[in-house]
Amino acid sequence: MADLRLYFLGPPRVALAGASIDLKRRKTLALLIYLAVSGQPHSRDALATLFWPDLDQKRARAYLRRDLAILNTGLGSQWLETGRETVELRREPGLWLDVSHFRHLLAAGQSHDHPPESACADCLPLLTEAAAPIATTFWPVFP
Ligand SMILES: [Zn+2]
């Protein structure tokens with residue numbers, strides 16, 4: 001299975017097997033972000049209501065089907081688990097999400113025996129790595 005790397009801290013970017021994918025539609029990208037960051041299955045009705053609140057349920061679900069099809073085409077069909085009533089992004093080993101990586105790095109420091117607002121010599125590299133993509137995205141001249 002080709003690696004799927006999702007960069008959502010900063011301008012969103014989706015890369016499959018090292019190549020960036022342009023999903024074209026912002027709502028398709030938003031749907032992928034929501035499925036990836038929430039990390040749980042969602043009912044089709046809930047997704048349809050969340051993403052197309054102004055439409056009736058039948059039309060909203062039709063738009064949801066269209067965007068799920070776009071995702072399946074762009075990412076390959078192995079990444080989305082699409083049941084009759086629920087949808088989720090599969091947590092396969094090839095999936096890498098910067099938000100999860102960021103959380104993991106922060107959690108590693110929180111297991112240490114000091115207050116969370118101070119950093120020991122072991123924390124500092126973790127926090128530096130966690131902040132790196134954010135710093136380069138939002139403060140490109142940050143030293
Ligand atoms: Zn520490």
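In what order do the elements of the protein run from the N terminus on? The order is β-β-β-α-β-α-α-β-β-β-α-α. What is on screen is a predicted model, and its secondary structure comes to 5 helices and 7 strands.

**Whole chain**

Start with all C-alpha atoms selected. Along the principal axes they fill a box of roughly 55 × 30 × 30 Å. The protein has 143 residues, of which 29% count as buried. Among contacts with a separation of 6 or more, 53% are between residues 24 or more positions apart.

**Helix 1**

Select residues 26-38, which make up helix 1. From first C-alpha to last, these 13 residues reach 18 Å, close to the 18 Å expected at 1.5 Å a residue. Now show the side chains of Thr28, Leu29, Leu31, Leu32, Leu35 and Ala36, which are buried in this helix. They lie on the same side of helix 1 because they cover an arc of only 155° around the axis. Move on to Gly39, which follows helix 1 and has a positive phi, near 65°.

**The open sheet**

Next, select strand 4 (42-43) and strand 5 (80-82), then add strand 6 (residues 86-89). These 3 strands form an open sheet in the order 4-6-5, with antiparallel pairing. Strand 4 and strand 5 are the edge strands, each pairing on one side only. Between strand 4 and strand 6 there are 2 bridges. To see two facing residues, pick Ser43, which stands opposite Thr86 in strand 6.

**Arg66 in helix 3**

Go to helix 3, residues 57-75, and select Arg66 there. Is Arg66 buried, partly exposed or exposed? Its relative accessible area is 31%, so Arg66 is partly exposed. Leaving out residues up to four places away in sequence, Arg66 touches Arg25 and Trp52. For a distance back to helix 1, draw a line between the C-alpha atoms of Arg66 and Thr28: they are separated by 9.0 Å, although the two residues are 38 apart along the chain.

**The zinc site**

Select the zinc ion and its protein donors. Which atoms are these donors? They are His112 (ND1), His114 (NE2), Cys120 (SG) and Cys123 (SG), at 2.0 to 2.3 Å from the ion. The 4 donor atoms subtend angles of 95 to 126° around the zinc ion, and therefore the arrangement is tetrahedral. The spacing of the donor residues in sequence is H-x1-H-x5-C-x2-C. The pair His112 and Cys123 links distant parts of the chain, 11 residues apart. His112 is in the loop between helix 4 (98-110) and helix 5 (123-138), whereas Cys123 is in helix 5.

Colour these two by accessibility. Cys123 has 3% relative accessibility, so it counts as buried. His112, with a relative accessible area of 24%, is partly exposed; the cut-off for buried is under 20%.

**Glu117, last stop**

Stay in the loop between helix 4 and helix 5 and pick Glu117. With a relative accessible area of 70%, Glu117 is exposed. Finally, draw a line from its C-alpha atom to that of Asp54. The two atoms are separated by 44 Å, and the residues are 63 apart along the chain.

Note on methods
Residues numbered from 1 in each chain as written. Predicted model: local features only at pLDDT ≥ 70, side-chain atom pairs only at ≥ 80, totals over all residues. Heavy atoms only, no water. Donors = N, O, S within 2.8 Å, 3.2 Å for Na, K, Ca; no water. Tetrahedral: all angles 85-135°; square planar, octahedral: opposite > 155°, others 65-115°. Helix = DSSP H or I, 4+ residues; strand = E, 2+ residues; numbered from the N terminus. Buried < 20%, exposed > 50% of the residue type's maximum accessible area, 1.4 Å probe, protein only. Expected span 1.5 Å × (residues − 1). Arc of directions from axis to C-beta. Pairing = 2+ DSSP bridges. Contact = heavy atoms within 4.5 Å.
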